[in-house]
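Me: I'm new to this one and would like to go through it slowly with you. Could you show it to me before I start asking things?

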There are 2 protein chains.
Amino acid sequence: MRVKGFSAAAVQAGIRYRDRLDLGLIYSDVPAVAAGAFTTNLVKAAPVLLDMERLRQGRAQAVLVNAGNANACTGERGMEVAVATAAMAARQLGIDEELVQVASTGVIGEQMATEPFARAMPELAGALSADGFDDLARAMMTTDTRPKTATATVFLDGVEVSVLGVAKGSGMIMPDMATMLCFVVTDAQIVFPVLRQIVKSGVDRSFNRITVDGDTSTNDTVLVMANGAAGNPWIDEENPEAARIFAGAVHAVFRELALKIVEDGEGATKLVTIRVTGGRDAESAMNAAQTIANSALVKTAFFGEDANWGRIIAALGRSGCVFSPDRVSISFDDVLMVQNGQGLGRAAEEAATAVLGQRHFTVTVDLGDGMETAEVYTCDLSVDYVKINADYRS
Amino acid sequence: MRVKGFSAAAVQAGIRYRDRLDLGLIYSDVPAVAAGAFTTNLVKAAPVLLDMERLRQGRAQAVLVNAGNANACTGERGMEVAVATAAMAARQLGIDEELVQVASTGVIGEQMATEPFARAMPELAGALSADGFDDLARAMMTTDTRPKTATATVFLDGVEVSVLGVAKGSGMIMPDMATMLCFVVTDAQIVFPVLRQIVKSGVDRSFNRITVDGDTSTNDTVLVMANGAAGNPWIDEENPEAARIFAGAVHAVFRELALKIVEDGEGATKLVTIRVTGGRDAESAMNAAQTIANSALVKTAFFGEDANWGRIIAALGRSGCVFSPDRVSISFDDVLMVQNGQGLGRAAEEAATAVLGQRHFTVTVDLGDGMETAEVYTCDLSVDYVKINADYRS
């Protein structure tokens, strides 16, 4: 899919890897309205700090993204590098450098050389194309096994508006943003405050609901750019219906990318939805869902296709969520496995084990204590997760 | 080592496993002063609930412990089983059943048959011996690869007092007590309030400072029994010096057992001390240490012997601990790897990598922000951890 007025490209810059795309660029023909969400980690990488500062103006025209080096924990020199690489892109594109966002993913704590950027910039800008987003998605990959894109189209007052997103991420993922980069471009015409609100509520329901390993990164970035090329009537506070429809499209793209990230979690073989229902309050239901979704013992049981509900109950019990153990029920998809806190025996277990053999399934934990619900998406913890992370830098 | 007036035994009862010890008994010739600490998990197994109730009297004379079934999430029937097995032991030993403590470890959520207990009880009681604690330590094992015992001896007013502890535990370990059973017997003569205080402060500094996988169990139990057979002058509030010396012995046994549990963590190849110094307050220093110690990415890096300090910084950043990233330093044993938030380069990294090749090492994270210190003991996350936990019930 193409989005009017946007182009992208990627090249082999040799930042760390050889013979693969590792540097990408997104460009809008005109300055776009832009809103973002960034890591909540106290330690923020230089590009994140720079982007947050620049996004205060609510506008951006280009994004320069590299893999191989996260430019995190690199001090003042790291910030100089972020500013310098953004300036190179601005010069090449002939735009204001304040309109360039930068994003980096890869190893933490190593200074990033600017020479590969300088060498690659002419080729990169020259390759910009409306069809370049697939290449861009590939250039962002680290331990990802596949590029991740998602699209949506809506009609606003009869005008077609397109939304295209690319993302990367597979480890260090946790509900709080993680080593996860997501860029969404749209030709919608929209005012900044409404776009910002749509990004915020969308992140809460998508990227902040996924977990691979409970770790959060220094570099997480979600950035949405809207350049208005579709020519739809302005989406603003006076036009809540258009805002609602457009938000639906953006949120669908967010959600699809978020689930693709979990599904491609490091070493993951299964995508599991943890749904907690019957909670007394929303916070404790979410807390319970997150504790289950992050439990190493629960996740290894998923990997082993073992309907080990005892580990789920044990995780629930340490979550801080207040509930009555003798009212809890647990289902794997439609198979009720635990009722009133007790297992339903061999036949239920066999049926549940069959559910665990699937690539996707939902674990529903009903606390039997109220009306609140929470949902988190996780994956299993496999032998390959350990192998990938033990060997990452070697 | 023997402890006056205490005996122990273990037999093959066939509760779940075949051809191995799985049922053990500790017996004191006289009712002993007893104090315990139990899981903080909201979901508590039947034996834990029974023990907590019975320990209110501050006395116990026997402990019946089994492996293979945790008798957790088993409802009213599970409590009946716990009471019934304790009554069998009491009848066999000719003591008050209220003086029998029970402990179970193994699979959660399956009803436990009482027949194996009934069949084994005469042989078990008949085998009681002052030298039986090694067998007992073996009978408690689940995924443990070796039995865990520790001893200490002190002189109180010229009288020799012995302390002997046995423990099991290797997964589901987290600072809050975990599937961990620990029984300590001593011939000290001590009043209940002082013993209770010594147990509480000791648990805080030992078992509550270790983590294998961040999960906590429904069955954790620490129980200390003191039968007074040594004939030392009473340890009580009037005798703080004796209490101090005796506490030192109990705490040394706790600490030795706690470290043995981490060292035998499921799949662990390394025992790692995480020490956070320079914290502004004690709580956030502890929070930082625990977050680092539980990070899957940090632990897989230990397994891979990769001095990946970026992951340590990232874990620190999401811990909730307030600090200045540009003041942080990180050392692996004596090797300074990070100063003022930045890596010290290739030579430091090579020296740090050598440290990570050891079986034991300490990671010191100095926040440079105050005087508070916290220490947590963890292990690496290995391929075998996943294999063990994916296959546990099969």
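Reply: Below we talk through how the chains meet, how the domains of chain A meet, and a few salt bridges.

Me: What should I know before reading any values?

Reply: This is a predicted model, in which local features need pLDDT of at least 70 and side-chain atom pairs count only at pLDDT 80 or more, while totals for chains, interfaces and linings use all residues. Residues are numbered from 1 along each chain as its sequence is written, chains are lettered from A and ligands numbered from 1 in the order in which they are written, and side-chain values use heavy atoms, with hydrogens and water left out.

Me: How many residues does each chain bring to the contact?

Reply: Chain A brings 52 residues and chain B brings 52 residues, where contact means heavy atoms within 4.5 Å. Of the interface residues of chain A, 100% are also interface residues in chain B, so the copies meet through the same surface.

Me: And how much area is buried between chain A and chain B?

Reply: About 4000 Å² is buried between chain A and chain B, with carbon and sulfur atoms giving 59% of it; buried area is the accessible area (1.4 Å probe) that two parts lose on being put together, summed over both.

Me: Which elements of chain A supply residues there?

Reply: In chain A, α2 (75-93), α8 (296-303), α9 (309-318) and α11 (383-390) each supply at least two residues to the side that touches chain B, the helices (H or I, at least four residues) and strands (E, at least two) being DSSP runs numbered from the N terminus. The largest share, 8 residues, comes from α9(A). By class, that side of chain A divides into 24 nonpolar, 18 polar and 10 charged residues, where Ala, Val, Leu, Ile, Met, Phe, Trp, Tyr, Cys and Pro count as nonpolar, Asp, Glu, Lys and Arg as charged, and the others, Gly among them, as polar.

Me: How many salt bridges are there between chain A and chain B?

Reply: The count there is 0 salt bridges, a salt bridge being a side-chain nitrogen of Lys or Arg within 4 Å of a carboxyl oxygen of Asp or Glu.

Me: What turn lays chain A on chain B?

Reply: A turn of 180° with a shift of 0.0 Å along the axis lays chain A on chain B with an RMSD of 0.0 Å, the copies being superposed by least squares on the C-alpha atoms of residues with pLDDT of at least 70 in both. That is the relation of a two-fold axis. In chain A, the C-alpha nearest the axis belongs to Val383(A), 2.6 Å from it.

Me: Changing topic, what are the domains of chain A?

Reply: Chain A is assigned domain 1 (6-263) and domain 2 (271-390), with bounds that come from an automatic or database domain assignment. Their centres, taken over C-alpha atoms, are 33 Å apart.

Me: How much area do those two domains bury?

Reply: Domain 1 and domain 2 of chain A bury about 1200 Å² between them, 57% of it from carbon and sulfur atoms. In domain 1, Arg209(A), Thr211(A) and Glu263(A) lose the most area to domain 2, together 41% of what that side buries.

Me: Which side chains meet in a salt bridge with 3.9 Å from N to O?

Reply: Those of Glu263(A) and Arg359(A) do, and the count between the two domains of chain A is 1 salt bridge.

Me: How many are there over all chains?

Reply: The structure holds 36 salt bridges over all chains.
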